[in-house]
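User: I have a model open and would like to learn how to read it. Where should I begin?
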Amino acid sequence: TKPAAPTGKKGIDALFDNTFTVTNVAAAAGGNAEESDDELKRRARTFYVTLRRGTLAALEFGALQVPSVRSAIAMEGAAGIVTVLVTDQDGNSNLQMLSDVEAELENWRAAGSVVVVSGGVKVEVDVNVIVTLAEGVDVVPLTPLIEDAIPARGNRLRTGEKLYEDMLTAAVVAIDPEGILGVEFEFSVAVDLDGNITPAPTTILRIGTVTVEEA
């Protein structure tokens, strides 16, 4: 047997204390229904593309997604403004490259952050290589190899990176470890006490003319 239906209402027609008032300052929010399968899939698709965006490393990686860019350095300056310096493999940049990077970095910068894209300043370094050779070793066949080895190593530097004399020495000696006994360099730009070249943070070093002579 079903219980009899209630015949009246008890205690719901009025507040127990008529001095109380209720004010809704804003409409209620957040009462969502359970997430649908389509909503879950859409959220999952955006998960990986939003990981660790806005960091300096992420901005550099984002700039490198532009096909014309081979070097990208992100630096944070005053007031949190980030400058991203970009160049191609030869240390050059143009307005189209900068425009492409600016558009790409909209997908990588943190919301509300200010990111300025600029081209790095290229400085060409002419190098005179003076080699000491073992007895019987001819400098002539070694010359084109050395002329190729120096830019192959030096032109891998990124914006603001130092050119170490040791890295060039290693590149030359590797051509003929037994025949090349010593290497000295003369550069077209100033060097520090250790013989290295330290560029400004906005400068990218590139190898210019390479000449080779025997000591």
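Analyst: Begin with confidence. pLDDT is the predictor's confidence in each residue, on a scale from 0 to 100. This is a predicted model. The mean pLDDT of the protein chain is 84, and 79% of its residues reach 70 or more.

User: Over which residues does pLDDT stay under 50?

Analyst: Over residues 27-31. For that stretch the model has zero contacts beyond four places in sequence.

User: Next, the overall layout. How many helices and strands are there?

Analyst: The protein chain has five helices and six strands. In sequence order the pattern is α-α-β-β-α-β-β-α-α-β-β. Two further values describe the chain as a whole. Of its 215 residues, 29% count as buried. Among contacts between residues at least 6 apart in sequence, 68% join residues at least 24 apart.

User: How do I read the packing of two helices? Take helix 2 and helix 3.

Analyst: Look at the angle, the distance between axes, the handedness and the residues in contact. Helix 2 covers residues 56-63 and helix 3 covers residues 95-105; they pack at an angle of about 130°, with their axes 9 Å apart. That angle makes helix 2 oblique to helix 3, since only angles over 145 degrees count as roughly antiparallel and 65 to 115 as roughly perpendicular. The crossing of the two is right-handed. Helix 2 contributes Leu-59, Gly-62 and Ala-63 to the contact, and helix 3 contributes Val-101, Glu-104 and Leu-105. By class, the contact of helix 2 with helix 3 has four nonpolar residues, one polar and one charged.

User: Which residues of helix 2 are buried, and what covers them?

Analyst: Ala-58, Leu-59, Glu-60, Gly-62 and Ala-63 are buried in helix 2. The cover over the buried residues of helix 2 includes strand 1 (71-76), strand 2, helix 3 and strand 3 (115-119). Leu-59, Gly-62 and Ala-63 thus appear both among the buried residues and in the contact with helix 3.

User: Now the other pair. At what angle do helix 4 and helix 5 pack?

Analyst: Helix 4 and helix 5 pack at about 140°, and their axes are 9 Å apart. The two are therefore oblique to each other. Their crossing is right-handed. On the helix 4 side, Ile-146, Ala-149, Ile-150, Arg-153 and Gly-154 take part; on the helix 5 side, Met-167, Leu-168, Ala-171 and Val-172. The classes in the contact of helix 4 with helix 5 are seven nonpolar, one polar and one charged.

User: How do I read a single residue in a loop? Is Leu-163 buried or exposed?

Analyst: Check relative accessibility, then the neighbours. Leu-163 lies in the loop between helix 4 (139-154) and helix 5 (165-173). Leu-163 counts as buried because its relative accessibility is 2%, and the cut-off for buried is under 20%. Leaving out residues up to four places away in sequence, Leu-163 touches Gly-154, Leu-157, Leu-168, Phe-187, Asn-196, Ile-197, Leu-205 and Ile-207. Gly-154 and Leu-168 in that list also belong to the contact between helix 4 and helix 5. Leu-163 and Val-191 are 28 residues apart in sequence, and their C-alpha atoms are 9.4 Å apart in space.

User: What does Thr-159 touch?

Analyst: Thr-159 is also found in the loop between helix 4 and helix 5. Its relative accessible area is 4%, so Thr-159 is buried. Not counting residues up to four places away in sequence, Thr-159 touches Ser-71, Ile-73, Leu-85, Thr-87, Pro-201, Thr-202, Thr-203 and Ile-204.

User: Where does Thr-87 lie?

Analyst: Thr-87 lies in strand 2, residues 82-87. With a relative accessible area of 0%, Thr-87 is buried. With the same exclusion of residues up to four places away, the residues Thr-87 touches include Ser-68, Arg-70, Met-97, Gly-120, Thr-159 and Ile-204. Ile-204 is thus touched by Thr-87 and by Thr-159.

User: Which loop residue would make a contrast?

Analyst: Take Val-114, found in the loop between helix 3 and strand 3. At 44% relative accessibility, Val-114 counts as partly exposed. Val-114 touches Gly-80, Ile-81 and Val-82, not counting residues up to four places away in sequence. Val-114 and Ala-79 are 35 residues apart in sequence and 9.3 Å apart in space, C-alpha to C-alpha.

Methods: Residues are numbered from 1 along each chain as its sequence is written. This is a predicted model: local features need pLDDT of at least 70, side-chain atom pairs count only at pLDDT 80 or more; totals for chains, interfaces and linings use all residues. Side-chain values use heavy atoms; hydrogens and water are left out. Axes are lines fitted to C-alpha atoms, for helices over the stretch in contact, and angles run from 0 to 180 degrees between N-to-C directions. Helices (H or I, at least four residues) and strands (E, at least two) are DSSP runs, numbered from the N terminus. Angles under 35 degrees count as roughly parallel, over 145 as roughly antiparallel, 65 to 115 as roughly perpendicular and the rest as oblique. A crossing is left-handed if the near helix is turned anticlockwise from the far one by less than a right angle, and right-handed if clockwise. Contact means heavy atoms within 4.5 Å. Ala, Val, Leu, Ile, Met, Phe, Trp, Tyr, Cys and Pro count as nonpolar, Asp, Glu, Lys and Arg as charged, and the others, Gly among them, as polar. Buried means under 20% relative accessible area, exposed over 50%, partly exposed in between (1.4 Å probe, protein chains only).
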